[in-house]
Amino acid sequence: WRNPQIAAPDPSSLAFWASHVYSITLPNLTYSLNHALHGFTPGGYHAVNVLLHACNVVLVFMLLERLGTLRLFAALGALIFASHPLVAEPVSWIVGRKDLLATTFALGAIYHWQNPTPTRRTDAVANALFVLAAFSKASVFAIPLAVFMVRGVSRRSLFAVLPSLAIVVGLSIFMAASPIAHLAVQQEGAAPFPFRVFQTLGLKFSLFFPPFDLRPVYIHDAPSWTNAIVLAGIVGVALLFVAVTLRQSRRSRAFAPLLFFGAALAPGANIIPMTHDVGDAHLYLPLVFLSALIALALERITTRLARPVRIVAAAALPLTLAPFCLTQTEIWRNGVALWQHTARTYPNSPEICKLHAGAYALTDRPLDALLHLEGCAERLGNRRAFLRAMLIAAERAGETEKARALRAEIGP
């Protein structure tokens, strides 16, 4: 709500195009539309997120059918995607809209690129949709390369995705040169390459399976080749590499979802060290292609069963996932609930304490934020780390005397 590009977007401003580590111009424009319609009342923002998710479920079904999945199992894949706990974060969290929009336009682009009889028109539509996806979130940047490989490495395939590749290169250069992007890169404190990549991917792979704990994750362990998370990342990457290089895979319907799954994971693999080794899950787009692979596997496993039995088997998995999704939605219902839940895992993290306090402040509870920060400072014995945050909370709470004392404590 403090972002001026929401209340009054200005295309002539750098912040309009680069208000994040990557461009989120399109999500910001949708927030501006929400703001124009109903101000900062949260219901409208949440309604748009839910509608976008519903749209994506339909697109998943259409894409799976286009990739050759039987209709029953295309519906299964869409239902797995709809009910998987990983969707709780971007759908429940208003700022998760960038994932939703990027996925909407990326799926539309892939659908047109994968037309059985591609033409210049279908490729042009695909590239236009991809541009919208790229201005929503950078998680789609590797998709054109996957399309190039799925359609067959040829000049025709290259020309089909060339405009999108140009957009990816241009946005990457623009964001690398942006002062905003430099603020997010942190060479010190991040695990060295390639440990941070395997740590990140190991944690991401684990989130696809129970207990589906989507709380923000921060890695503090010293990197080691024997670390269980690092090993999980190595094994996952190795299995994905083998799967896409096997001759049998390249001839199967699983080849396209496998490549798209890898392409959706790659931008979030933490190759460039960011502020945190791992932040939030951000697995909404990869989940699309994992759901496709599960649907294909179940189609193959149940191929000899009677149709009623196949329908029951197809319905069982989404029904099993739904309660886990509801649990995660409860955690992500607002910032206070999220950071309270996260603080149970990281009780001694000053950063989590500040984020928890920030959630209080953003819900017009600055006094609660101040009290929380004072409690953290006393409990962790590191008062100086919280002084500036306490000062901001005191000023917003109207605690004039407290703010004056904190300024004196901070000093010049």
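By class, the residues lining the second largest pocket of this predicted model comprise 18 nonpolar, 1 polar and no charged residues. The volume of this pocket is about 410 Å³. Its lining consists of 19 residues, of which Leu240, Gly262, Ala263, Leu265 and Ala266 are the closest to the pocket centre. Two or more lining residues are contributed by each of helix 9 (143-150), helix 12 (195-207), helix 13 (228-245) and helix 15 (255-265). Helix 15 supplies the largest share of the lining, with 5 residues.

The protein chain as a whole contains 22 helices and 0 strands. Of its 412 residues, 47% are buried. Among contacts between residues at least 6 apart in sequence, 71% join residues at least 24 apart.

Enclosed space was examined next. A search of the whole structure yields 2 cavities of 30 Å³ or more. The second largest cavity has a volume of about 30 Å³, and its lining is formed by Asp99, Thr103, Ser139, His282, Tyr284, Leu285 and Pro286. The elements that contribute two or more residues to this lining are helix 7 (97-113) and helix 16 (284-301). Helix 16 gives the most, with 3 residues. By class, the lining of the second largest cavity has 3 nonpolar, 3 polar and 1 charged residues.

Two of the helices were considered for length and bending. Helix 10 spans residues 155-177 and has 23 residues, for which a span of 33 Å is expected at 1.5 Å a residue. The C-alpha atoms at the ends of helix 10 are 31 Å apart, so the length agrees with that expectation. Helix 10 nevertheless bends by about 50° at leucine 162, and proline 163 follows within four residues. The buried residues of helix 10 are Ser157, Ala160, Val161, Ser164, Leu165, Val168, Leu171 and Met175.

Helix 17, residues 307-331, has 25 residues. From the first C-alpha to the last, helix 17 reaches 38 Å, close to the 36 Å expected at 1.5 Å a residue. A kink of about 25° is located at alanine 322 of helix 17, shortly before proline 323. The buried residues of helix 17 are Arg310, Ala314, Pro318, Leu321, Cys325, Gln328 and Ile331. The cover over these buried residues includes helix 5 (71-83), helix 6 (88-92), helix 16 and helix 18 (335-345). Helix 16 thus appears both in this cover and in the lining of the second largest cavity.

A single loop residue was also examined. Glutamine 114 lies in the loop between helix 7 and helix 8 (120-134). The relative accessible area of glutamine 114 is 14%, and the residue is therefore classed as buried, the cut-off being under 20%. When neighbours within four places in sequence are left aside, glutamine 114 is in contact with Arg66, Leu67, Val147, Val150, Arg151 and Phe260. Helix 7, which borders the loop that holds glutamine 114, is also among the elements that line the second largest cavity.

Definitions and conventions. Residues are numbered from 1 along each chain as its sequence is written. This is a predicted model: local features need pLDDT of at least 70, side-chain atom pairs count only at pLDDT 80 or more; totals for chains, interfaces and linings use all residues. Side-chain values use heavy atoms; hydrogens and water are left out. On a 1 Å grid over the protein atoms alone, a cavity is a set of points where a 1.4 Å probe fits but cannot get out, and a pocket is an open set with protein on both sides within 12 Å along at least five of seven lines; lining residues have an atom within 4 Å of a point. Grid points are joined across faces, edges and corners, and a volume is the space filled by probe spheres set on the points. Ala, Val, Leu, Ile, Met, Phe, Trp, Tyr, Cys and Pro count as nonpolar, Asp, Glu, Lys and Arg as charged, and the others, Gly among them, as polar. The expected span of a helix is 1.5 Å times one less than its number of residues. The bend at a residue is the angle between axes fitted to the seven residues ending there and the seven starting there. Buried means under 20% relative accessible area, exposed over 50%, partly exposed in between (1.4 Å probe, protein chains only). Contact means heavy atoms within 4.5 Å.
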